[in-house]
Amino acid sequence: AHQRKVDKSSGKYDSPSAGGMQVIGAGHGRTGTLSLKKALEHLGFGPCYHMHELRDKPTHPGLWADIALNHSNPRYTPNWHAIFKGYKATVDYPAFIFYKELMAEYPHAKVILTTRDPETWWNSVSATIRNFQPGCYANWGIRVIFML
């Protein structure tokens, strides 16, 4: 079978077999994204990027802050490959905010939208991530992300 590679002019992967993102999670946190991450990794779509990466990778909050601050500039091109190098999937925050941009960057990736009953979702968010204090990350970049 013929395996297509990276399009040199755009830098985009033209098929899942060429590497890059294969699954994009478009669902908000508290909709089963951690379970989805574990399932995707079990099925071979790992590693899967999740908001925990912000805690584990010291350069990532700054990369996301750069995207958050510049994404409305039509001449700005986010460096998705710097964030997602080595990842086959992404779910949860902050990537889900940019699912449309990720779909354009990785056109062959499958998109999964996780949902939850609105009332139980709000109760869960209120008891957990709504009360999250970004200062605990000790990195100013993550604070910018939470302003979106």
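**Overall fold and two polar contacts**

The protein has 7 helices and 4 strands. This count comes from a predicted model. Going along the sequence, the elements line up as β-α-β-α-α-α-β-α-β-α-α, so to speak a pattern that opens with a strand and ends with two helices in a row.

What share of the 148 residues counts as buried? The figure is 39%. As for the outside, the accessible surface adds up to about 8,700 Å², and carbon and sulfur atoms account for 55% of that area. Contacts tell another part of the story: taking those between residues at least 6 apart in sequence, 70% link residues at least 24 apart.

Zooming in, D66 sits in helix α3, which covers residues 60-70. Is D66 buried, partly exposed or exposed? With a relative accessible area of 35%, D66 is partly exposed, because that value falls between the 20% and 50% cut-offs. The side chain of D66 also reaches a partner: there is a polar contact of 2.5 Å with the side chain of Y76. P78 comes 12 residues away from D66 in sequence, and the C-alpha atoms of D66 and P78 are 8.1 Å apart in space.

Then there is E105, found in helix α5 (residues 99-105). E105 has a relative accessibility of 12%, and since buried means under 20%, E105 counts as buried. Which residue does the side chain of E105 pair up with in a polar contact? The partner is H81, whose side chain meets that of E105 at 3.0 Å.

Technical notes
Residues are numbered from 1 along each chain as its sequence is written. This is a predicted model: local features need pLDDT of at least 70, side-chain atom pairs count only at pLDDT 80 or more; totals for chains, interfaces and linings use all residues. Side-chain values use heavy atoms; hydrogens and water are left out. Buried means under 20% relative accessible area, exposed over 50%, partly exposed in between (1.4 Å probe, protein chains only). Contact means heavy atoms within 4.5 Å. Accessible areas come from the Shrake-Rupley method with a 1.4 Å probe; for residues, only the protein chains shown count as cover. A polar contact is a pair of N or O atoms within 3.5 Å; within protein, one must be able to donate a hydrogen and the other to accept it, and residues adjacent in sequence count only if both atoms are side-chain atoms.
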